[in-house]
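Here is a friendly walk through one protein model. Have a look at the structure first, and then we'll go through it piece by piece.

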Amino acid sequence: MVEKISHIGVAVRSLEEQIPFYRDVLGLDFAGTETVEDQKVKVAFFNVGDTRIELLEPLSDESPVSAFIEKRGQGVHHIAYRVKDCASSLKKMEEAGLRLIDKAPRTGAGGDRIAFLHPKSTFGILTELTEEHEAQEQGE
Ligand code: ZN
């Protein structure tokens with residue numbers, strides 16, 4: 001069901017402060033930023049081979065990422081696995097008895113269909129299922 005790691009999400013206080021580390025020191029391919037209103041975050045992406053690092057900066061105190069940083073500090077926030085069909089994967093997880101944060105897929109950064117599983121059901125790791133929106137792959 002899981003095809004690969006889509007990305008690793010990292011909670012940061014300031015993109016401006018951390019982008020130079022990933023881009024200039026590690027030398028990762030900086031793929032730009034995007035604001036995700038739904039989550040009240042600004043996101044910066046870096047391509048690392050076939051996967052990505054996603055830095056998440058909260059835009060307000062109401063952002064779930066802001067609550068995460070308050071509680072656990074900056075650092076790894078979630079692991080996102082790529083699946084073929086987010087809705088059917090989510091259903092399987094629910095049938096397996098997992099606690100879901102999202103009962104149905106919603107739209108995340110880049111137009112992907114995403115859903116989160118509760119870390120209480122996944123041994124402490126906030127887990128995201130991502131059905132990637134890859135327009136160029138559909139044409140063949
Ligand atoms: Zn993510």
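## Before we start

A residue counts as exposed when its relative accessible area is over 50%, as buried when that area is under 20%, and as partly exposed in between. Take Lys 120: with a relative accessible area of 69%, this residue is exposed. Keep in mind that what you're looking at is a predicted model.

## The zinc site

Which residues hold the zinc ion? The protein donors are His 7 and His 78, each through NE2, together with Glu 54 and Glu 128, each through OE. They lie 2.1 to 2.6 Å from the zinc ion. The angles among the four donor atoms run from 84 to 162 degrees, and the site is irregular. Four donors count as tetrahedral only if all angles lie between 85 and 135 degrees, so a range of 84 to 162 degrees doesn't fit that label.

Along the sequence, the donor residues follow the spacing H-x46-E-x23-H-x49-E. The two glutamates link distant parts of the chain: Glu 54 sits in strand E4 (residues 51-58) and Glu 128 in strand E8 (residues 127-131), 74 residues apart. Are these two glutamates buried or exposed? Glu 54 has a relative accessible area of 6% and Glu 128 has 3%. Because buried means under 20%, both glutamates get that label.

## Aromatic rings and a surface patch

Now for the rings. The structure holds three aromatic pairs. One of them is formed by Phe 21 and Tyr 22, with 5.0 Å from centre to centre and 80 degrees between the planes, making the pair edge-to-face. Those are the usual two things to quote, as a pair of aromatic rings is described by the distance of the centres and the angle of the planes. Phe 21 is partly exposed, at 40% relative accessible area, whereas Tyr 22 is buried, at 13%. Both belong to one aromatic cluster along with Phe 30 and Phe 46.

Phe 21 also turns up in a nonpolar patch on the surface, joined by Val 25 and Leu 26. Together these three have about 300 Å² of accessible area. Val 25 lies in helix H1 (residues 15-25), and its relative accessibility of 62% makes it exposed.

## Loops with a twist

Two residues have a positive phi although they aren't glycines: Lys 40, at about 50 degrees, and Phe 123, at about 55 degrees. Where does Lys 40 lie? Look in the loop between strand E2 (29-36) and strand E3 (41-48). Lys 40 is partly exposed, with a relative accessible area of 33%.

Phe 123 is found in the loop between strand E7 (113-117) and E8. This phenylalanine is exposed, with a relative accessible area of 84%. Lys 120, our opening example, is found in the loop between E7 and E8 too.

## Distances across the fold

Let's finish with two C-alpha separations. Lys 120 and Ile 53 are 67 residues apart along the chain, and their C-alpha atoms are separated by 23 Å.

The other pair is Leu 90 and Lys 103, which are 13 residues apart along the chain and have C-alpha atoms separated by 7.7 Å. Leu 90 lies in helix H3 (residues 86-95). With a relative accessible area of 2%, Leu 90 is buried.

Note on methods
Residues numbered from 1 in each chain as written. Predicted model: local features only at pLDDT ≥ 70, side-chain atom pairs only at ≥ 80, totals over all residues. Heavy atoms only, no water. Donors = N, O, S within 2.8 Å, 3.2 Å for Na, K, Ca; no water. Tetrahedral: all angles 85-135°; square planar, octahedral: opposite > 155°, others 65-115°. Helix = DSSP H or I, 4+ residues; strand = E, 2+ residues; numbered from the N terminus. Buried < 20%, exposed > 50% of the residue type's maximum accessible area, 1.4 Å probe, protein only. Phe/Tyr/Trp six-rings, centres within 6.5 Å; stacked < 30°, edge-to-face > 60°. Patch = residues over 30% accessible without salt bridge, like charges linked within 9 Å, V, L, I, M, F, W, Y side chains within 5 Å. Areas by Shrake-Rupley, 256 points an atom, 1.4 Å probe, with all protein chains shown as cover. Salt bridge = Lys/Arg side-chain N within 4 Å of Asp/Glu carboxyl O.
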